[in-house]
Structure formats: structure tokens, C-alpha cells
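Work through the exercises below with the sequence and the coordinates open. Each task is followed by a solution in steps.

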Amino acid sequence: MNEALKILDDPEGLVLVQFHMKTCPPCKVLNPHLAQVAKAQKIPVIKVDCGDKILDKAADRCKITETPTVVVLLDGKEVARGKPLTEIGLKRLIGKGKRA
């Protein structure tokens, strides 16, 4: 089973799921911010390429309609979702998830 689908089935703690496409310019803008913030806060990130037929099942399951979308999961439950393109926007989204 794919890692993204496995984590969606049995996640623990706080997890960020980034839904993206390789050809999406805003997704490319988000990538370095996501990597930096996730590393600093020690939060695992699962990247789901919505153009991949297997991973697209995860996008369907989370009802993703556009990219980039970041979903914050806490112990398997969605606690926040958004389309941040900056480090500040990403930190705010994670903060919403931590307060949930």
C-alpha cells in the first residue's frame, strides 16, 4: 500500500498532507516553505501528487478540488485545511490544527 494511503488509514499525532501536482506553479512556491516549517516543527509531511492514479485516491478521499491544498491531520482527523503559499500562512494553518 502506498505510504500516503497508509498514513491516511492509520495516522498518529500531527501530520501535514500536501496535495499538489508537478506542473502546478503555486505548488512549487509552497514546497520550500513547507519543507522548512515542517523540519523546524518536526511535523511529518506526506506529499500526494494528484496526477498519480494511485495517489489520486487519497485526493478523492479528502475531497481535494484544487492544488496546492494542505490538510492538517491530528490523530487521523482533519483539523485544518488551506492553500497557504507563504511560511506565515503555513504556520497559521498548523497553529489552527494544534489548537483543535
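A residue counts as buried when its relative accessible area is under 20%, as exposed when it is over 50%, and as partly exposed in between. The model used throughout is a predicted one.

**Exercise 1. Helix H4**

Task: State which residues of H4 are buried, and find what they pack against.

Solution.
- Step 1. Locate the helix: H4 covers residues 87–99, 13 residues in total. From the first C-alpha to the last it reaches 18 Å, close to the 18 Å expected at 1.5 Å a residue.
- Step 2. Apply the 20% cut-off. The residues of H4 that are buried are Leu 90, Leu 93, Ile 94, Gly 95 and Gly 97.
- Step 3. Consider the spacing. An α-helix has 3.6 residues a turn, so residues three or four places apart point the same way. Leu 90, Leu 93 and Ile 94 are among the buried residues of H4.
- Step 4. List the packing partners. The buried residues of H4 pack against two helix and strand groups: helix H2 (25–41), and strands S1 (14–20), S3 (69–74) and S4 (77–82).

**Exercise 2. The nonpolar cores**

Task: Identify the members of the largest nonpolar core that touch the most other members, and say which element gives the most to this core.

Solution.
- Step 1. The largest nonpolar core has 13 residues, and those touching the most other members are Val 17, Phe 19, Val 48, Ile 64 and Val 71.
- Step 2. At least two residues of this core come from each of S1, strand S2 (45–49), helix H3 (56–61) and S3.
- Step 3. With three residues, S1 gives the most to this core.
- Step 4. Another core, of 12 residues, lies apart from it; Leu 30, Leu 34, Ile 43 and Ile 94 are among its members. Ile 94 is also one of the buried residues of H4.

**Exercise 3. Strand S3 and its partners**

Task: Describe how S3 pairs with S1 and with S4, and how well S3 is covered.

Solution.
- Step 1. S1 and S3 pair in the antiparallel sense, over six bridges. In this pairing Phe 19 stands opposite Thr 69.
- Step 2. S3 and S4 are also antiparallel, with five bridges. Val 70 has Gly 82 of S4 as its bridge partner, and Leu 74 stands opposite Lys 77.
- Step 3. The connection between S3 and S4 is a hairpin with two residues between the strands. Asp 75, in the turn, has a positive phi of about 50°.
- Step 4. Five of the six residues of S3 are buried, so the strand is mostly covered.

**Exercise 4. Thr 69 and Glu 78**

Task: Is Thr 69 buried or exposed, and which residues do Thr 69 and Glu 78 touch?

Solution.
- Step 1. Thr 69 lies in S3. Its relative accessible area is 2%, so Thr 69 is buried.
- Step 2. Leaving out residues up to four places away in sequence, Thr 69 touches Val 17, Gln 18, Phe 19, Ile 64, Arg 81, Gly 82 and Lys 83.
- Step 3. A polar atom of the Thr 69 side chain lies 2.6 Å from the backbone oxygen of Glu 66.
- Step 4. Glu 78 is in S4. Its relative accessibility is 40%, so Glu 78 counts as partly exposed.
- Step 5. With residues up to four places away in sequence set aside, Glu 78 touches Val 71, Val 72 and Leu 73. Its side chain makes a polar contact of 2.8 Å with that of Arg 81.

**Exercise 5. Gly 13**

Task: Place Gly 13 in the chain and find which residues Gly 13 is in contact with.

Solution.
- Step 1. Gly 13 sits in the loop between helix H1 (3–9) and S1. At 26% relative accessibility, Gly 13 is partly exposed.
- Step 2. Beyond its neighbours within four places in sequence, Gly 13 is in contact with Leu 73, Leu 74 and Asp 75.
- Step 3. Gly 13 and Gly 76 are 63 residues apart along the chain, and their C-alpha atoms are separated by 7.7 Å.

**Exercise 6. Cysteines**

Task: Are Cys 24 and Cys 27 buried or exposed, and how many disulfides are found?

Solution.
- Step 1. Cys 24 has 9% relative accessibility and so counts as buried.
- Step 2. Cys 27, at 1%, is likewise buried.
- Step 3. The search of the whole structure gives zero disulfides.

Terms used
Residues numbered from 1 in each chain as written. Predicted model: local features only at pLDDT ≥ 70, side-chain atom pairs only at ≥ 80, totals over all residues. Heavy atoms only, no water. Helix = DSSP H or I, 4+ residues; strand = E, 2+ residues; numbered from the N terminus. Expected span 1.5 Å × (residues − 1). Buried < 20%, exposed > 50% of the residue type's maximum accessible area, 1.4 Å probe, protein only. Contact = heavy atoms within 4.5 Å. Disulfide = S-S within 2.5 Å. Core = buried A, V, L, I, M, F, W, Y, C linked by side-chain atoms within 4.5 Å. Polar contact = N/O pair within 3.5 Å; in protein donor to acceptor, adjacent residues only side chain to side chain. Pairing = 2+ DSSP bridges.
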